[in-house]
Amino acid sequence: MSEGQRSMAASTTGEGSQELEGRVALVTGGNRGIGAAIVHALAGEGATVAAGYSSNSEQAEEFKSKLEGEGMTVTVHQGNVGKVEDTQRVVDEVMDQHGQIDILVNNAGITADKSMIDMEEEEWQRVLNVNLSGAFHMCQPVLRHMIERGSGRIVNVSSVVGQQGNMGQANYAAAKSGLFGLTRTLAREAAFALGKADRLEDGGIGLTINTVAPGFIETDMTADIPEKVVDSIKKLIPLSRLGQPEEIARVVRFLCEDGSGYITGQIWGVNGGMEMA
Ligand SMILES: NC(=O)c1ccc[n+]([C@@H]2O[C@H](COP(=O)([O-])OP(=O)(O)OC[C@H]3O[C@@H](n4cnc5c(N)ncnc54)[C@H](OP(=O)(O)O)[C@@H]3O)[C@@H](O)[C@H]2O)c1
């Protein structure tokens, strides 16, 4: 990342503003990559953030200490989003420690790439389970809680691959496309539930569900892509570069702010112009 990009990213990750003070956010896959940038952006705006992770305890604790050193309030929670018993436990842990959940970001994701004709059943199921069922498992208890309170923000992290498809990623593309249907259905159901309870016009911040669909972003997930392939990917991106995690985080932060209450059921592409419908 150039100096210019770095300072732009820093200036757009909520540093300085405390708009989310008093809010509690739960971010899955929040210890590294895009999730870590989202945690930083939300905590930087004053939110208390519960960062989920799968197996990397040492790194999660290091990340927590780093952010605490910057004056932010962060807790970390181990759990596999693909297992409903883990997600329920993580939600209970966060509720016990922080009393409420105002923001849920379903960011945890994995890939297991192979051409369709060679893909094993297990590779298909594993990717669907983490990337799509994981969001369902997290949304169900959290949405109930948000509907009871009459407000909240859910952001699902999808991918440009869910919009365009990608060779060798049938499982990942299907899971990421699935998040679009999940998002739009939950957005409708949440609005319906609030309307039924006469809470749509109570002057609150509303309950919105949106998806952010990143393009190719520099994280561990893309670190192993051979340079030649990265060069060919860049040719497909009008802005000719990969994105930075902070460039995704700033859109998530924007969607979580109180003023974004009229935005729901939408897909926010952040991809350097790669996908233009
Ligand atoms: N990087 C890209 O180019 C790109 C593009 C479009 C969309 N995305 C999406 O953006 C999200 C974040 O991607 P990233 O690049 O930041 O990924 P990453 O660097 O590989 O980090 C993945 C995160 O998800 C967590 N995780 C993995 N499996 C999990 C599970 N079963 N249960 C709970 N947490 C789990 C990991 O925890 P541990 O550290 O404990 O393993 C880690 O925090 C993903 O949904 C990805 O599909 C990424």
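## Exercises on cores, helices and a loop glycine

The largest nonpolar core of this predicted model has 35 residues, and those with the most contacts inside it are Ile-38, Val-39, Leu-42, Val-49, Val-105, Val-212 and Val-252.

**Exercise 1.** Determine which elements give two or more residues to this core, and which gives the most.

*Solution.* The strands that do so are strand 1 (24-27), strand 2 (48-53), strand 3 (73-78), strand 4 (103-106) and strand 5 (152-157). The helices are helix 2 (33-44), helix 3 (57-69) and helix 10 (245-256). Helix 2 gives the most, with eight residues.

**Exercise 2.** List residues that Val-212 touches, leaving out those up to four places away in sequence.

*Solution.* The contacts of Val-212 include Val-155, Asn-156, Val-157 and Ser-158. Val-212 also touches Ile-248, Val-251, Val-252 and Leu-255, as well as Trp-268 and Val-270. A second, separate core has 26 residues, among them Ala-135, Ala-187, Leu-194 and Ile-209.

**Exercise 3.** Describe how helix 5 and helix 7 are arranged.

*Solution.* The axes of helix 5 (residues 121-149) and helix 7 (residues 170-196) come within 9 Å and cross at roughly 15 degrees. Angles under 35 degrees count as roughly parallel, so helix 5 is roughly parallel to helix 7. The crossing is right-handed. Their contact has 19 nonpolar, three polar and two charged residues.

**Exercise 4.** Locate Gly-109 and classify its exposure.

*Solution.* Gly-109 lies in the loop between strand 4 and helix 5. Its relative accessibility is 29%, so Gly-109 counts as partly exposed. Beyond four places in sequence, Gly-109 touches Val-130, Asn-131 and Met-221. Gly-109 and Gly-134 are 25 residues apart in sequence, with 8.7 Å from C-alpha to C-alpha.

Definitions and conventions
Residues numbered from 1 in each chain as written. Predicted model: local features only at pLDDT ≥ 70, side-chain atom pairs only at ≥ 80, totals over all residues. Heavy atoms only, no water. Core = buried A, V, L, I, M, F, W, Y, C linked by side-chain atoms within 4.5 Å. Buried < 20%, exposed > 50% of the residue type's maximum accessible area, 1.4 Å probe, protein only. Helix = DSSP H or I, 4+ residues; strand = E, 2+ residues; numbered from the N terminus. Contact = heavy atoms within 4.5 Å. Axes fitted to C-alpha atoms, helices over the stretch in contact; angles between N-to-C directions. Parallel < 35°, antiparallel > 145°, perpendicular 65-115°, else oblique. Left-handed = near helix turned anticlockwise from the far one by under 90°. Nonpolar A, V, L, I, M, F, W, Y, C, P; charged D, E, K, R; others polar.
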